[in-house]
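Let's take a walk through the aromatic rings of this protein and see how they sit against each other. Have the structure open as you read.

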Amino acid sequence: MVLTATSGDTGGAIAHAFYGVPDIDVVVLFPPAEVSDRQRKQMTTLNGNVTAVAVDGKFDHCQALVKAAFSDPDLEPIDLTSANSINIGRLLPQTVYYVYAYVRLASIPNPWWFPVPSGNFGNLMGALIAKRMGIPISRLVVATNANDEVPRFLSTGVYRKIDPSASAFRTP
C-alpha cells in the first residue's frame, strides 16, 4: 500500500502511476481547500485500487497522518510505503536530476549554482544528497512562499514551525 499526502501534484502523479497495478493499493490524503479542481479530479476519479481521502485541514495534517501510520503498531501487518519525501525512494530520483546535470555540464567550469523548484524541500534534499556524493554544487538558490520556516531557520538558527501552513491554492 502506497500512502501519500499531497497538496496537489504528488497525489495525482502517484494515483496515475499506480492506477491498475496489480497488488498495489494507493491511498492519497489531501486537503480540499489546498488543491485545484483539476488536481482533485486527478485523484478522485480513478477508483479501483486508488482511494483519495479529503482531510479537513492543511497539507501538514495529511502528512502528520501519513507519518503516524508508519509508527502505528496496529498497521504493522500492512506492507506500507509512502511517495512523499519522508521516503528515500522519493529523494533518490530527485538526486538524479543533479547527477544528470553534472554529467551534461562537466565540461563547463565551476562554480555551479542550481535553482531548486521547491514546495516541501524534497528536491532540495535531493540536491544536498548529490552534493554529498561529490557533485560540485557551489550554491543552491531555493524559492519559497509564505511557508518560509526553512529560510528563517537558516538565518536565525531557531526552528519555528508555521502552523497552520499557508495554502498554496486559494479559492475565491
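Start with Phe 153, which has a relative accessibility of 36% and so counts as partly exposed. Keep in mind that you're looking at a predicted model. Phe 153 has a ring partner, Tyr 159, and the two meet edge-to-face, with 6.4 Å from centre to centre and 70 degrees between the planes. Tyr 159 is partly exposed too, at 48% relative accessibility; the cut-off for exposed is over 50%.

How many aromatic pairs are there in the model? The count comes to four. Another of them brings together Tyr 98 and Phe 114. Their ring centres are 5.4 Å apart and their planes make an angle of 85 degrees, and because planes over 60 degrees apart count as edge-to-face, that's the label this pair gets. It's a contact between distant parts of the chain: Tyr 98 belongs to helix 4 (residues 88–105), Phe 114 belongs to strand 5 (residues 112–116), and 16 residues separate the two.

Are these two rings buried or exposed? Tyr 98 has just 4% relative accessibility, so it counts as buried. Phe 114 comes in at 11%, which also makes it buried, since the cut-off is under 20%.

Now look around that pair. Tyr 98 and Phe 114 are part of a cluster, joined through ring pairs with Tyr 102 and Trp 112.

One last stop is Trp 113, where the partner is a charge rather than a ring. Arg 139 lies over the face of Trp 113, 4.7 Å from the ring centre.

Technical notes
Residues are numbered from 1 along each chain as its sequence is written. This is a predicted model: local features need pLDDT of at least 70, side-chain atom pairs count only at pLDDT 80 or more; totals for chains, interfaces and linings use all residues. Side-chain values use heavy atoms; hydrogens and water are left out. Rings of Phe, Tyr and Trp (its six-membered ring) pair if their centres lie within 6.5 Å; planes under 30 degrees apart count as stacked, over 60 as edge-to-face and the rest as tilted. Helices (H or I, at least four residues) and strands (E, at least two) are DSSP runs, numbered from the N terminus. Buried means under 20% relative accessible area, exposed over 50%, partly exposed in between (1.4 Å probe, protein chains only). A charge sits over a ring if NZ of Lys or CZ of Arg is within 6 Å of the ring centre and within 35 degrees of the ring normal.
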